[in-house]
Amino acid sequence: MNNTIVKNTGLYGGGLFLRNSSPILINNIVAFNSSGIYRSSSLSLPVFRNNCVYGNIVYDYNGVTDPTGMDGNISADPVFVSTEYGDFHIQPGSACIDAGSNSDVQTELDIDGQQRIQPNEGTVDIGADECDGTSRTYMPEVIIYVSLEGSNANDGSS
């Protein structure tokens, strides 16, 4: 519950591979993996509530009926700060905000130590991050090379 599963690769179920299990999956984001959720057993079906499964390369669901539109399950871009650089905080405007299930929250804090349910919102967000309404921008680290023998004629980018 309350996981963010992003940018994984696997032959089957790059996001989740369900074998001989009947999990209850609630408040999770499974996005941008080589494949989404793969079920390979004949055990009872998994339970899906308030999940966002989106943008997985080969498929979002395989071996189970796509539950999008039922029980709070959505398929929408989670609007991360930067998938390229691994910043998976959700941004204001994400469909995952206030789309979770409060009754299934098992911890009071998110990945940053913020309240799992923001006081001004009242409903938990889908995934491991609770958006506090702040827009973030990712600034990749910039390396500047400096030489004591330099002539100051270069900008340090090489």
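Visitor: Which strands form the open sheet with the order β2-β5-β8, and how do they pair?

Guide: Three strands make up that open sheet, β2-β5-β8 in order, and the pairing is parallel. Keep in mind that this is a predicted model. As a general idea, strands of a sheet pair through backbone hydrogen bonds, either parallel or antiparallel. Here the edges are β2 and β8, each of which pairs on one side only.

Visitor: How many bridges join β2 and β5?

Guide: Three bridges, in the parallel sense. To find your place in that pairing, look at Leu18, which stands opposite Arg39 in β5.

Visitor: What is the strand order in the sheet that holds β1?

Guide: That one is an open sheet of three strands, ordered β1-β4-β7, with parallel pairing. Its edge strands are β1 (4-6) and β7 (52-54), and each has a pairing on one side only. From one strand to the next, the twist averages 5 degrees. If you zoom in on β1 and β4 (residues 29-31), you'll find three bridges in the parallel sense. Thr4, for instance, has Ile29 in β4 as its bridge partner.

Visitor: On to the rings. How many aromatic pairs does the structure hold?

Guide: Seven aromatic pairs. A pair of aromatic rings is described by the distance of the centres and the angle of the planes. Take Phe17 and Tyr38: their centres are 5.5 Å apart with 5 degrees between the planes, and the pair is stacked. Phe17 sits in strand β2 (residues 16-18) and Tyr38 in strand β5 (residues 37-39), so this pair ties together parts that are 21 residues apart in sequence.

Visitor: Are those two rings' residues buried or exposed?

Guide: Phe17 counts as partly exposed, at 39% relative accessibility. Tyr38 is buried, with a relative accessible area of 17%.

Visitor: Why is the pair of Tyr38 and Tyr59 called tilted?

Guide: The ring centres of Tyr38 and Tyr59 lie 6.4 Å apart and their planes are at 45 degrees, so the pair is tilted. Planes under 30 degrees apart would count as stacked, and over 60 as edge-to-face. Tyr38 is in strand β5 while Tyr59 is in the loop between β7 and β8 (61-62), so this pair also ties together parts 21 residues apart in sequence. Both Tyr38 and Tyr59 are buried. Bring in Tyr12, and you have one aromatic cluster of Tyr12, Phe17, Tyr38 and Tyr59.

Visitor: Which residues make up the largest nonpolar core?

Guide: There are 11 residues in all, among them Val6, Ile29, Ala31, Cys52, Phe80, Ile90, Cys96 and Cys131. A second, separate core has 10 residues, including Leu16, Val30, Phe48 and Val64. For a look inside the largest core, select Ile90: leaving aside neighbours within four places in sequence, its contacts include Ile29, Phe80, Cys96, Ile97, Ile126 and Cys131.

Visitor: I spotted cysteines in there. How many disulfides does the structure hold?

Guide: Zero. In general, a disulfide is a covalent bond between the sulfur atoms of two cysteines. Cys96 is in no disulfide, and the nearest cysteine sulfur, that of Cys52, is 3.8 Å away. The cut-off you need here is 2.5 Å between the sulfur atoms. Cys131 has its closest cysteine sulfur in Cys96, at 10 Å, too far for a bond. Cys96 is buried with a relative accessible area of 0%, and Cys131 is buried at 3%.

Visitor: Where does Asn27 lie, and is Asn27 buried or exposed?

Guide: Asn27 lies in the loop between β3 (24-26) and β4. Asn27 is buried, with a relative accessible area of 0%. Apart from neighbours within four places in sequence, its contacts include Asn2, Asn3, Arg49, Asn50, Asn51 and Asp104. Asn50, in turn, is found in the loop between β6 (47-49) and β7. It is buried too, with a relative accessible area of 12%. Among the contacts of Asn50, again leaving aside neighbours within four places, are Asn27, Asn28, Asp71, Asn73 and Ser101.

Visitor: And Gly93, buried or exposed?

Guide: Gly93 is exposed, with a relative accessible area of 74%. You'll find Gly93 in the segment after β10 (87-90). Gly93 and Gly133 are 40 residues apart in sequence, and their C-alpha atoms are 8.9 Å apart in space.

Methods: Residues numbered from 1 in each chain as written. Predicted model: local features only at pLDDT ≥ 70, side-chain atom pairs only at ≥ 80, totals over all residues. Heavy atoms only, no water. Pairing = 2+ DSSP bridges. Helix = DSSP H or I, 4+ residues; strand = E, 2+ residues; numbered from the N terminus. Axes fitted to C-alpha atoms, helices over the stretch in contact; angles between N-to-C directions. Core = buried A, V, L, I, M, F, W, Y, C linked by side-chain atoms within 4.5 Å. Buried < 20%, exposed > 50% of the residue type's maximum accessible area, 1.4 Å probe, protein only. Contact = heavy atoms within 4.5 Å. Phe/Tyr/Trp six-rings, centres within 6.5 Å; stacked < 30°, edge-to-face > 60°.
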